[in-house]
Amino acid sequence: MMAVRIDGKELAKQVRKEVSEGVKCLKASHGVTPGLAVVLVGEDPASQVYVRNKVKQTEACGMNSFHHVMDAGTSRKSLLSLIKALNNNPAVHGILVQLPLPAHLDSRDVIQTIDPAKDVDGFHSSNVGDLWTSGKSFVPCTPLGCLALLKSVEPNIAGKNAVVIGRSNIVGRPMAALLLNESATVTIAHSKTKDLPALCRQADILVAAVGRPRMIKADWVKPGAIVLDVGINRVEIADGRGRLVGDVDFEDVSTVAGAITPVPGGPGPMTIACLLANTLEAAKRAVS
């Protein structure tokens, strides 16, 4: 029996609809339009695509979009000056600095300059600390979207064994914290983990976020497990063109798993939808 396909596009559509309705209510009740500022430094093609999508979807939900593009040679002083101005702008409720930044800029330094109340990416150390102590934090959008996808097929994950492959600050670590806050039993695996396939086979919930195309095979997966594939890798196919694939061998693992996210069409669409939801929440907090 083939695994249930967890449709990130459909769930993201529902989230965007809820956000649009929330924006209308906030406008009607307080006369406030949520505003999201996106800062892009340099001309990385992938980042440009991501930013265009974010701006488009922000405006489609009825929010104000503030789009700032800076050249690749922008100084630390200039970038931090812009962020501080956005911190002080009452029309801006969320600030996102698109990563990666050019090599001469320290991303941690930049993120720490963002007002935690406007850090809708959830990367500021204040929000990270709140997440790990069950506080009122903004959660990084990709793991937040993954949790929503997971709960769409398994609402109660308390007591489940979860394995997160990857320990990045953007996905792996916050994903583990979210699962722990849902009372799952969580293991974070990484490049130094011994006998990774055996560990994965113990997981009721398997989250792959390592950036290695089709690394996870069917014999790594416990029958009936829920598999969340966060990887986005471009590989060449027979005619020389590129194709996006995940960290999971989708066709192979689908024969074993109980439910699985596709790539593309899984966590990707949910990432921007959760960014919009975080921005709406930031605007609500600002007027409360």
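In this predicted model, helix α1 covers residues 8–30, and at 1.5 Å a residue its 23 residues should span 33 Å. The C-alpha atoms at the two ends of α1 are 32 Å apart, which agrees with that expectation. The expected span is 1.5 Å times one less than the number of residues.

The N-terminal end of α1 is capped by Asp7, whose side chain places an oxygen 3.0 Å from the backbone nitrogen of Lys9. Just after the helix, Gly31 adopts a positive phi of about 65°. Several residues of α1 are buried, among them Leu11, Ala12, Val15, Val19, Val23 and Leu26. An α-helix has 3.6 residues a turn, so residues three or four places apart point the same way. The cover over the buried residues of α1 includes helix α2, helix α6 (141–153) and helix α10 (267–287).

One open sheet is built from three strands in the order β3-β2-β4, with parallel pairing. Strands β3 (64–70) and β4 are the edge strands, and each pairs on one side only. From one strand to the next, the twist averages 15°. Strand β2, residues 35–41, is joined to β4 by four bridges in the parallel sense. Within this pairing, Leu36 is opposite Gly94 of β4, and Ala37 is opposite Ile95 of β4. The residues of strand β4 (residues 94–97) alternate in direction: Gly94 and Leu96 point one way, while Ile95 and Val97 point the other way, and all are buried. Helix α2, which comprises residues 45–60, lies across β2, β3 and β4 and runs at about 160° to β3. Helix α2 is also included in the cover over the buried residues of α1.

A second open sheet contains six strands in the order β1-β11-β8-β7-β5-β6, again with parallel pairing. Strands β1 (4–5) and β6 (185–189) stand at its edges; each has a single partner strand, so one side of each is left without a neighbour in the sheet. Further in, strand β5 (residues 161–165) pairs with strand β7 (residues 205–208) over four bridges in the parallel sense. In this pair, Val163 has Leu206 of β7 as its bridge partner. Helix α7 (residues 172–181) packs on the sheet and touches β5, β6 and β7. The direction of α7 makes about 170° with that of β5.

Note on methods
Residues numbered from 1 in each chain as written. Predicted model: local features only at pLDDT ≥ 70, side-chain atom pairs only at ≥ 80, totals over all residues. Heavy atoms only, no water. Pairing = 2+ DSSP bridges. Contact = heavy atoms within 4.5 Å. Axes fitted to C-alpha atoms, helices over the stretch in contact; angles between N-to-C directions. Buried < 20%, exposed > 50% of the residue type's maximum accessible area, 1.4 Å probe, protein only. Polar contact = N/O pair within 3.5 Å; in protein donor to acceptor, adjacent residues only side chain to side chain.
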